[in-house]
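This report walks through the packing, the surface and the charged pairs of the structure shown below. Please keep the view open while reading.

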Amino acid sequence: MSANDIEFFDKLSYSAPYLFVGLCLIALFVIKIILGEEHSKKIFPRLAPIMCSCGFLLSFIHYSDTKALFAKIFTYSPFSQAASCFVLFTASVLVLIISLLKRYRALPSVLYIVIFGLILSIIVSLSANNFLMLFIGLEGYTLFVCFLLLVKRNDQEKRLSVARFLITSSVMAAVFLYGMSLYYSDFAGFMLADVKIDGHITSIIGMFLILSAILFKMAAVPFHSWAIDLYEKSSLAMVFFFDAVSKFFMMLILTNVCAILLHNGVFYHHAFFTVVSVLSMVVGCVMPLHQKNIKKFLAYMSVGHVGFALTVFATAKSQYSLRFAITYLISYIIPYVCFFSSIRALKNVAKIETFRDIQGGVHSFPMIAYSIVISLFAMAGFPPFIGFVAKIDIFKLLIVNKNWWLLVISCFYTLLCVVYTTKYSKFIFDKKQRGQETKEIHAKTTTAIISMSCLIISILAYPMIDNFLYKIIGAIK
C-alpha cells in the first residue's frame with residue numbers, strides 16, 4: 001500500500017463521525033420510504049439511540065493536533081472533536097428520552113430524520129475550514145429547524161411564524177453570500193486561515209456581514225425579532241431548544257471562527273461586537289421588566305445573556321480568552337434547564353403561560369416554587385451560583401483590557417437582571433390567588449430536588465470546564 005493510500009485512509013478514519021451521521025440520515029430516510037410511517041414509528045425509537053451512540057464513540061476515538069481533511073474542506077482539531085463529541089452525546093441523550101417517554105411516542109418518525117439532519121449540519125459547521133462549508137452547514141441547520149418546528153402543532157399562526165423565520169433566514173443567507181463575495185475579492189479564496197490583519201475595506205465589510213449572519217442564528221440585537229415571534233408561537237420544548245441547545249452550538253461555531261481571526265492577529269471585529277453586545281444587553285435587561293408571558297420573558301432574557309457573552313468577543317485579544325463566553329453560556333444553560341424542568345412539571349397539571357399562573361406557588365407547590373426562584377436568581381448571576389463565577393471572569397477580562405465603557409454597561413445589565421428576577425420571584429411568594437390541585441404537583445417534587453442539586457454541583461465543576469476549554473480552544477489554528 002502506497003503512502004498516499006495510507007494518508008487517504010488516515011483522513012477517512014478521522015472523517016468517520018461525519019460520514020457515519022450522513023449515512024445514518026440517508027438510512028433513516030430510505031427505511032421510512034420502504035417501510036412506511038407505521039413501521040418506522042416502531043423501529044426508529046430503538047434504532048436512533050444506537051446510531052447516535054455509535055457516532056459518539058467514533059468521534060471519541062481520535063484525539064490529535066489540528067489536521068486538514070480532504071483539500072482543507074474540514075479541519076479536525078481537539079476543539080472540533082470535543083464539540084462533535086458533545087453534539088453527539090447530547091443527541092444520544094435527547095433521542096433516548098424521546099424514545100422512552102410515552103408522551104413523545106405519538107410523534108411522527110420524521111422527527112428522528114430531522115434530528116440527524118441537525119446533528120450533521122452542526123458538526124459540519126463546527127469543523128468547516130472555509131466559509132463555503134460553514135454556509136452549507138448553517139443553512140442546512142436552518143432548513144432542518146423549520147422541519148422540526150412543523151413536526152407538531154401545525155396551527156395557522158405557527159406556520160406563519162415559521163414562514164417569517166424562513167424568509168428572514170433566506171435574507172441573512174444572501175447577506176452571508178455577499179460577504180463571502182467581498183472576502184473572495186480581496187483574498188481570492190474562502191479559507192478562514194487566509195484572513196489577514198492588513199485586509200482591505202471590502203474584506204472587512206465582508207467579514208462583518210458573515211458575522212452578522214451567524215449572530216442572526218443566536219438572536220442577538222438587531223437580529224432578534226424572529227426569536228420573539230417564534231418563541232411565543234412554539235411549544236415549551238421548542239423554546240428550550242432555541243434558548244439552550246441552539247444558542248450554545250452557535251456560540252461554539254462563533255468561537256471557532258473568531259479564534260482563527262485572533263490567531264492570525266485580526267482585531268478589527270472588536271468594534272462590531274461591541275455595538276451588538278451593548279444593544280443586546282440593553283434590550284435584554286429592559287424588555288423583561290414588563291413581560292408577563294413566560295416564553296417572551298425567556299426570549300428577551302436570552303437576548304441579554306447572548307449580549308453579555310459577546311463582550312468577550314468585543315474585548316478578547318487572545319483566543320484563550322474566548323473560553324469565558326462558552327463558560328458563561330454554560331452557567332446560564334444549567335439553571336435554565338432547571339427552570340424549564342420545573343415549569344414543565346407544572347404544565348403537566350395546569351396551564352402555565354404567564355407568571356400570574358404561578359402566583360402564590362410557594363403555598364401550593366413549595367419545592368417546585370423554590371426551584372423556580374433559585375433557577376431565576378442563578379440565571380441572573382446571583383452569588384453563590386455558577387453564573388456569578390462566570391460573570392466575575394468576564395469582568396476581570398474587561399478590566400485587564402481596560403474596556404471601561406463596556407464594563408459599566410455590563411454592571412448595569414447585571415443590576416437590572418437582579419431587579420426583574422426579584423420582581424417575578426415575588427409573584428411566587430404572594431398570597432395564593434387561585435386553587436390548584438396539589439396532589440399531582442407534589443409528586444413532581446423529585447424534579448425540584450434534582451434541579452437544585454445540579455445547580456450546587458455545577459459550581460464545583462466550573463474549574464474543570466474552564467481548564468478543559470482553555471486547552472481545546474488554544475489548539476484552534
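In this predicted model, Phe116 makes contacts with Val21, Cys24, Leu25, Leu28, Ala48, Met51 and Cys52, when residues up to four places away in sequence are left out of the count. Phe116 also stands out within the largest nonpolar core, which has 162 residues, since Phe116, Leu215 and Leu254 are the members that touch the most other members. Helix α9, spanning residues 236–263, supplies the largest share of this core, with 20 residues.

**A buried serine in a helix and another in a loop**

Cys52, one of the residues touched by Phe116, is also in contact with Ser92, as is Ser53, once the neighbours of Ser92 within four places in sequence are set aside. Ser92 belongs to helix α3, which covers residues 78–100, and its relative accessibility of 11% falls under the 20% limit, so Ser92 counts as buried. A polar atom of the Ser92 side chain lies 2.7 Å from the backbone oxygen of Leu88.

Ser321 has its place in the loop between α11 (294–315) and α12 (323–347), and with a relative accessible area of 13% Ser321 is buried. Its contacts, not counting residues up to four places away in sequence, are with Val312, Ala316 and Leu397.

**A nonpolar patch on the surface**

Nonpolar side chains are also found at the surface, where Leu23, Ile26, Phe29, Val30, Ile33, Ile34, Leu35 and Ile43 form a patch with about 780 Å² of accessible area together. Phe29, one of the residues of this patch, lies in helix α2 (residues 16–61), and its relative accessibility of 49% places Phe29 among residues that count as partly exposed, because the exposed class begins over 50%.

**Salt bridges**

Side chains of opposite charge can pair when their charged atoms come close. The structure holds six salt bridges, and the table lists three of them, including the distance from N to O.

| Salt bridge | N to O distance |
|---|---|
| Lys233 and Asp229 | 3.4 Å |
| Glu232 and Lys296 | 3.8 Å |
| Lys396 and Asp393 | 3.6 Å |

Lys233 and Asp229 are four residues apart in helix α8 (residues 225–233), which means that about one helical turn separates them. Lys233 is buried at 18% relative accessibility, and Asp229, with a relative accessible area of 17%, is buried as well.

What does the salt bridge between Glu232 and Lys296 tie together? Glu232 lies in helix α8 and Lys296 in helix α11, so this pair links parts that are 64 residues apart in sequence. Glu232 is partly exposed, with a relative accessible area of 35%, and Lys296 is likewise partly exposed, with a value of 24%.

Lys396 and Asp393 both lie in helix α15 (residues 386–400), where they are three residues apart, or about one turn of the helix. Are these two partners buried or partly exposed? Lys396 is partly exposed, with a relative accessible area of 47%, whereas Asp393, at 12% relative accessibility, counts as buried. Elsewhere, salt bridges that share partners join Arg164, Asp229 and Lys233 into one network.

Note on methods. Residues are numbered from 1 along each chain as its sequence is written. This is a predicted model: local features need pLDDT of at least 70, side-chain atom pairs count only at pLDDT 80 or more; totals for chains, interfaces and linings use all residues. Side-chain values use heavy atoms; hydrogens and water are left out. Helices (H or I, at least four residues) and strands (E, at least two) are DSSP runs, numbered from the N terminus. Buried means under 20% relative accessible area, exposed over 50%, partly exposed in between (1.4 Å probe, protein chains only). A polar contact is a pair of N or O atoms within 3.5 Å; within protein, one must be able to donate a hydrogen and the other to accept it, and residues adjacent in sequence count only if both atoms are side-chain atoms. Contact means heavy atoms within 4.5 Å. A nonpolar core is a set of buried Ala, Val, Leu, Ile, Met, Phe, Trp, Tyr and Cys residues joined through side-chain atoms within 4.5 Å. Patches are made of residues with over 30% relative accessible area and no salt bridge: like charges are joined within 9 Å, nonpolar side chains (Val, Leu, Ile, Met, Phe, Trp, Tyr) within 5 Å. Accessible areas come from the Shrake-Rupley method with a 1.4 Å probe; for residues, only the protein chains shown count as cover. A salt bridge is a side-chain nitrogen of Lys or Arg within 4 Å of a carboxyl oxygen of Asp or Glu.
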